[in-house]
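The following exercises are intended for a reader who is new to this structure. Each consists of a task and a solution that proceeds step by step.

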Amino acid sequence: MTYIAKPKFHHPGLKKNELGYTHRDYEGKISTLCAGCGHDSITASIIEACYELSIEPHRVAKISGIGCSSKTPDYFLGNSHGFNSVHGRMPSVLTGANLANRDLIYLGVSGDGDSASIGFGQFAHSIRRAVNMTYIVENNGVYGLTKGQFSATADRGSKSKKGVTNTDNAIDLVAIALQLGATFVARSFSGDKTQLVPLIAAAIRHKGASFIDVISPCIAFNNHAGSTKSFDYVREHNDAVNRLDVVVGREPINVDYAPGTVQVVEQHDGTKLALRKLDADYDPHDRLGAMTFLQKHAAKGQIVTGLLYVDPDAEDLHTHLDTVETPLNTLDEVALCPGSGVLDKINASLR
Amino acid sequence: MKPTDISAPDYFHKVVDCQWACPAHTPVPEYIRLIAEGRYSDAYMINWKSNVFPGILGRTCDRPCEPACRRGRVEDNPVAICRLKRVAADFKDDIKHRLPKPGPKNGKRIALVGGGPASLAVARDLAPLGYHCTVFDGDPKAGGMMRSQIPKFRLPDSVIDEETDYILNLGVEFKGGQRVDSLKQLLGENYDAIFIGSGAPRGRELDIPGRKEAAANIHIGIEWLANVSFGHVDKIGKRVIVLGGGNTAMDCCRTARRLGGESVKVIVRSGFEEMKASPWEKEDALHEDIPILNYMVPVAFKHVSGKLIGVTFQHVKAEYDAKGRRNLVPSGEADQTIPCDDVLVAVGQENAFPWIEADCGIEFDKWHMPKVDPGTFVSTNPKVFFGGDAAFGPKNIIWAVAHGHDAALSIHRMLSGEDITERPLPEVHVSSQKMGIHEWSYDNDISADKRFKVPHRDKVIALKDIRTEVELGYDLKLALGEAQRCLNCDVQTIFSAPLCIECDACVDICPMDCITFTQNGEEDDVRQRLKAPSPHHDQALYVSGDLKTGRVMVKDEDVCLHCGLCAERCPTGAWDMQKYLIDMAHAGSTCQSKARSAA
C-alpha cells in the first residue's frame with residue numbers, strides 16, 4: 001500500500017461535468033490494496049462512470065461485505081453514503097436501505113467469496129427480488145486476503161500459484177443472475193476500461209437488478225500461467241459480444257459505425273444505450289439465447305464479455321410491492337398513522 | 001511516434017524545466033533538496049560550481065528558472081528558487097577549504113577585460129587549471145556592474161566581496177583602476193588568449209528638447225547609480241522622475257527614495273504589463289510608494305534659466321496591427337507637464353567599443369556589435385573571446401556566467417590544441433531512488449503550501465539608509481517550507497515496457513492524468529487522445545515501445561508531480577523513479593572525449 005496521500009493537485013485542463021466536478025472529485029481515500037490490483041481499476045471505472053453521469057455524490061449509497069473487493073468503496077465517492085456490512089450480507093443490507101429510501105442510487109460492491117460462497121443465498125434473493133441496484137462483483141477467483149486459496153468462481157482445471165489444480169466446478173455468477181431474472185447482466189474485465197465504464201454507467205441508469213461480473217486479476221495470487229483469471233489469459237480468451245456507449249438526455253446518438261452494426265436500446269429513464277455489435281448473431285434481449293451462448297463459449301474456454309442481457313422495460317421491487325413514490329423514511333406521522341377510521345376500514349375489508 | 005530515447009542527455013534535462021531554463025543549467029532540485037536536509041554548504045557548492053555567484057544571484061538573479069518552474073503550471077506560483085539560493089549562501093558554513101586550489105602554473109597567460117561576472121567566471125574556471133589570469137577593470141574593486149549598478153540595499157558589498165574574493169584567491173591577478181584603452185596594445189603583450197567581458201557600459205541618451213539646457217539635473221541612470229555606489233553622489237532633489245521601465249529604472253527610483261527623493265515617479269512609454277522590469281522589482285518599487293505611470297512618452301524637458309522644472313509627456317495608447325505587433329499611437333489627450341527637480345534616464349544600455357582598433361582582427365556587424373560565435377564565444381580574431389553583455393548586448397548576470405563557462409571551455413580547448421567547436425557532453429548521473437517498498441530516497445509527499453513570502457525590513461527603516469538591505473531572506477523555517485514545494489523534477493519516471501503487464505494501476509493513481517495506454521499514432525493525434533489532452537507541444541511526450549496488447553504507454557511530462565505514485569502502485573517495477581543529475585561540461589571536466597558539435 002501507499003503511505004502518502006494522493007496529492008490534491010490535478011491537471012489544469014481537467015474537464016468538469018454538469019455539476020462542475022472533475023473526476024477527481026469522485027475519488028475516495030487512497031487504496032490500501034496491493035499494487036496493480038484489478039479492483040483499483042474497477043474503482044477508477046466507477047469514479048469515471050459517476051463523473052460522466054454527473055451524479056451527485058450524496059445521492060449514492062455504496063454497500064459492501066467483506067473482502068478485498070468490499071474494501072474498495074472506501075476508495076471511491078468519498079462524499080457518498082457507505083455501509084461496510086457483514087461478510088456476504090451486502091444484498092440484504094442494500095435491500096433494506098433501498099426499501100427505506102428508494103431515492104438513492106445503490107451500488108452493491110462484492111467479491112467472488114462474498115457473493116459466490118458465504119453470501120450466495122443473499123446474492124440470489126436480491127437478484128430475484130429485482131432490487132433496483134447496481135451489483136458489481138469484483139471477481140478474481142481467489143481468496144486474496146487469506147493468501148490465495150481457490151474461490152467458488154475459480155475454473156475447474158485452473159492452477160493455483162503453488163501449482164495445485166482446482167478440482168471443483170466453478171460458479172458462473174452471470175449464468176445464475178440470468179437464470180434468476182436479473183434485467184441487466186454484463187461481464188467485463190478490469191483491464192478494459194473502455195468496455196467497463198459505459199457498462200457501469202448503463203447499469204446505474206437501469207431500473208431493476210443490474211449485475212456486472214468484472215474479472216479482476218489478483219496480482220499477488222492469481223496472475224500466473226495456469227490461472228484463468230490472469231491478465232494474459234483474460235486478454236487471450238476475451239470474447240466481447242458488443243461495445244456500449246451510454247447517452248444520457250436528449251443528445252442524439254452519433255453513430256459512426258457501419259450501418260446495421262449498431263443497436264439502440266432506450267431505457268425507462270430515457271437513457272439510450274448504443275450497442276455496437278461485435279458478434280452479429282448475439283441478441284442482448286434474448287435471455288435464453290444468452291444463457292446458451294455463455295455455456296457454449298465457456299465450454300471452449302472463452303470468456304464472454306459485454307452487455308449480455310438487458311430488459312429496457314424492467315420493473316423493480318418497489319413496483320412489485322406498489323410502494324408510494326415518497327421514500328418510506330421521509331413519510332411523516334400523518335401518512336404512517338392515518339388514524340383509527342382507516343384501520344377500521346382495513347379490518348372491515350378483511351372480515 | 002517513435003519510442004523516446006531517454007539516453008539522450010537533453011531529454012530528461014528538458015523535464016527539469018528550471019535547470020533547462022537556467023543559462024548556466026544549475027541543478028536546481030538537487031540543491032533545494034540539500035537545503036531541505038539542512039546541508040546548506042553542499043547546496044552552496046553545487047551553486048558555486050554552476051553559477052559562480054550564489055549569494056549575489058540569490059538576491060539579484062533575473063530568475064529565468066521561475067517562470068519555467070513546473071509548480072507554476074500546477075498551482076499559482078513557482079517555487080522561490082532564487083531566494084532559496086540565497087538561503088544556501090546565508091546559512092552555509094565556511095566553505096573556503098572546499099574551493100579549488102590554484103593549480104600549478106601551466107605557463108599560459110589569459111587577459112580578461114572587465115572585472116564583472118563574465119570575466120570572473122572565466123577566471124574561476126581557468127585559474128585552477130594553471131592558467132595565469134589577469135583581470136583589468138577601471139574600478140578599484142572587482143564585480144563590475146554587480147558592484148557599480150546594483151544598489152547596496154539589494155546587494156550589500158560584503159556579499160560581492162566574499163564571492164569575488166573566492167575567485168581572486170585562486171591566484172587570479174586583479175588590476176583594479178586600470179581601464180584597458182587599447183586592444184591593440186593588449187594584443188601586443190602576447191597573452192595566449194584575451195577574454196572581453198567589458199559589459200554594456202553606456203546608458204542610452206534621451207535626445208529631446210531641453211536635454212542640453214537642463215543637463216545639470218538630468219542624469220543617465222547607470223552612471224548615476226555607479227556614482228551613488230562609489231559615494232560620489234549622496235543626494236537628489238525632492239521631486240524625481242525616472243524615465244524607463246526596466247530593472248535599472250526600478251533601481252534608480254528606489255535609490256532616489258533613499259537620497260532625499262520624497263515624490264519619486266516612474267514614467268514609462270509602454271503599459272505596465274509589457275515593462276521590461278521583473279514583476280517583483282516593480283512590486284518592490286510600488287511598495288516604496290513609487291507610482292508607475294504608463295503610456296506616457298517624454299517629449300521635452302522644461303527648464304527656466306538653465307534649471308529643470310519638469311518634463312512634458314504625450315499620452316499614448318497601444319494599438320495592434322494585423323500581425324499582432326504593438327504600436328504606440330497618440331491617444332488624443334492633451335500633453336501633460338509633470339514638475340520635478342531631477343530626472344533619471346534609464347531607457348536602455350548600449351555597448352561601446354571605442355578602445356578596439358580597426359586593425360585588431362575583430363569584425364563588427366551592422367549594429368556595431370562584434371561578430372561572436374554563439375557556441376564558442378570566439379570573435380573573428382581566434383585568440384579573442386567575448387562574453388556577457390559585451391558579446392550580445394545587455395542581458396543579466398546569469399547569462400554572463402553562462403557565457404563565461406563556455407568561453408573558458410573554448411579557451412582551454414584551444415590552448416590544449418583541441419577543436420573548440422567540439423563541445424563535451426554534460427555528465428549525467430543516474431540513480432534509482434528506490435529504498436524499499438514504497439520508500440524513496442527523496443521526499444515524494446507533495447506539499448500543498450502556497451509560495452512563502454520573503455520577509456522585508458520595515459519600510460520606514462529601510463528607506464532611511466541606502467546601505468540597509470531591504471530583503472531579510474528566508475529564515476530556516478520558511479526556507480524549509482519553500483524547499484518542500486519543489487516537485488523534484490530531476491527524479492524521473494523511468495518506464496520499462498517489457499516489465500509492464502498493462503494493469504492500469506499507474507493510470508488510476510496518477511493525480512495529474514499524465515499516463516495513457518493507447519494505440520500509437522502521429523504526435524498531434526496522440527496528444528488529442530491522452531487521458532488529459534496536452535496542448536503544450538514544448539513539453540515532451542514519453543512514448544514506450546510496443547506493449548503486449550499492441551498499445552504503447554504515453555506519458556505527458558507537462559504537469560507530472562514526480563510524486564512516484566505510478567512506481568509505488570506498479571506491481572512489476574515497470575516504473576522506477578531515477579534521479580538524473582546533469583552537470584554541464586566546464587573547462588577541465590574529466591570526460592572531454594565524448595563530444596558534440598557546438599550549437
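## Exercise 1. A strand and its partners

Strand E4(A) pairs with strand E8 (residues 209-215) of chain A in the parallel sense, over 7 bridges. The model that holds this pairing is a predicted one.

**Task.** Determine which strands E4(A) pairs with, and whether E4(A) is enclosed or open.

**Solution.**

Step 1. On the side of E8(A), the bridge partner of A:Val137 is A:Asp213.

Step 2. E4(A) is also joined to strand E3 (residues 105-111) of chain A, by 5 bridges, and these two strands run parallel. Here A:Gly111 has A:Glu138 of E4(A) as its bridge partner.

Step 3. In a regular strand, side chains alternate between the two faces of the sheet. In E4(A), A:Met133, A:Tyr135, A:Val137 and A:Asn139 point one way, while A:Thr134, A:Ile136 and A:Glu138 point the other way; all are buried.

Step 4. Because 7 of the 7 residues of E4(A) (residues 133-139) are buried, the strand is largely enclosed by the rest of the structure.

Step 5. E3 and E4 of chain A also serve as cover for another element: both are among what covers the buried residues of H3(A). Those buried residues of helix H3 (residues 90-100) are A:Met90, A:Pro91, A:Val93, A:Leu94, A:Thr95, A:Ala97 and A:Asn98.

## Exercise 2. Two helices of chain B

**Task.** Establish which residues of H11(B) are buried and how they are arranged around the helix, then examine the burial of H8(B).

**Solution.**

Step 1. Helix H11 of chain B (residues 157-168) has 12 residues and reaches 16 Å from its first C-alpha to its last, close to the expected 16 Å.

Step 2. Its buried residues are B:Val159, B:Ile160, B:Glu163, B:Thr164, B:Ile167 and B:Leu168. Viewed down the axis of H11(B), they fall within an arc of 160 degrees, so they line one face of the helix.

Step 3. The cover over these residues includes helix H5 (54-60), helix H9 (117-126), helix H10 (145-148) and strand E3 (173-176) of chain B.

Step 4. Helix H8 (residues 81-91) of chain B is mostly covered, with 10 of its 11 residues buried. Among them are B:Arg83, B:Lys85, B:Arg86 and B:Asp90.

Step 5. The elements that cover the buried residues of H8(B) include helix H3 (28-36), helix H4 (40-51) and helix H19 (476-484) of chain B. H5 of chain B is also included there, and H5 is likewise part of the cover of H11(B).

## Exercise 3. Nonpolar cores

**Task.** Identify the residues with the most contacts inside the largest nonpolar core, and the helix that gives the most to this core.

**Solution.**

Step 1. The largest nonpolar core has 218 residues, and B:Ile35, B:Leu126 and B:Phe195 have the most contacts inside it. Helix H17 (residues 397-415) of chain B gives the most to this core, with 11 residues.

Step 2. A second, separate core has 36 residues, including B:Ile236, B:Met250, B:Cys253 and B:Val266.

Step 3. Leaving aside residues up to four places away in sequence, B:Leu126 touches B:Ile110, B:Tyr131, B:Cys133, B:Ala408, B:Ile411, B:His412 and B:Ala587.

Step 4. In general, nonpolar side chains tend to be buried together in soluble globular proteins.

## Exercise 4. The contact between the chains

**Task.** Describe the side of chain A that touches chain B.

**Solution.**

Step 1. The contact takes 24 residues from chain A and 29 residues from chain B.

Step 2. On the side of chain A, helix H1 (38-52) and helix H8 (231-237) are the elements that give two or more residues. The largest share, 4 residues, comes from H1(A).

Step 3. By class, this side of chain A has 11 nonpolar, 8 polar and 5 charged residues.

## Exercise 5. Two residues with positive phi

**Task.** Decide for B:Tyr295 and B:Asp513 whether each is buried or partly exposed.

**Solution.**

Step 1. Most residues other than glycine have a negative phi. Phi of B:Tyr295 is near 55 degrees, a positive value, and B:Asp513 has a positive phi of about 55 degrees.

Step 2. B:Tyr295 lies in the loop between strand E9 (292-293) and strand E10 (296-304) of chain B. B:Asp513 is in the loop between helix H20 (505-509) and strand E22 (515-518) of chain B.

Step 3. A residue is buried if 20 or more other C-beta atoms lie within 10 Å of its own. B:Tyr295 has 19 and is therefore partly exposed, whereas B:Asp513 has 21 and is therefore buried.

How values were computed. Residues numbered from 1 in each chain as written. Chains lettered and ligands numbered in written order. Predicted model: local features only at pLDDT ≥ 70, side-chain atom pairs only at ≥ 80, totals over all residues. Core = buried A, V, L, I, M, F, W, Y, C linked by C-beta atoms within 7 Å. Buried ≥ 20, exposed ≤ 12 C-beta atoms within 10 Å, placed from the backbone. Contact = placed C-beta atoms within 7 Å. Nonpolar A, V, L, I, M, F, W, Y, C, P; charged D, E, K, R; others polar. Expected span 1.5 Å × (residues − 1). Arc of directions from axis to C-beta. Pairing = 2+ DSSP bridges.
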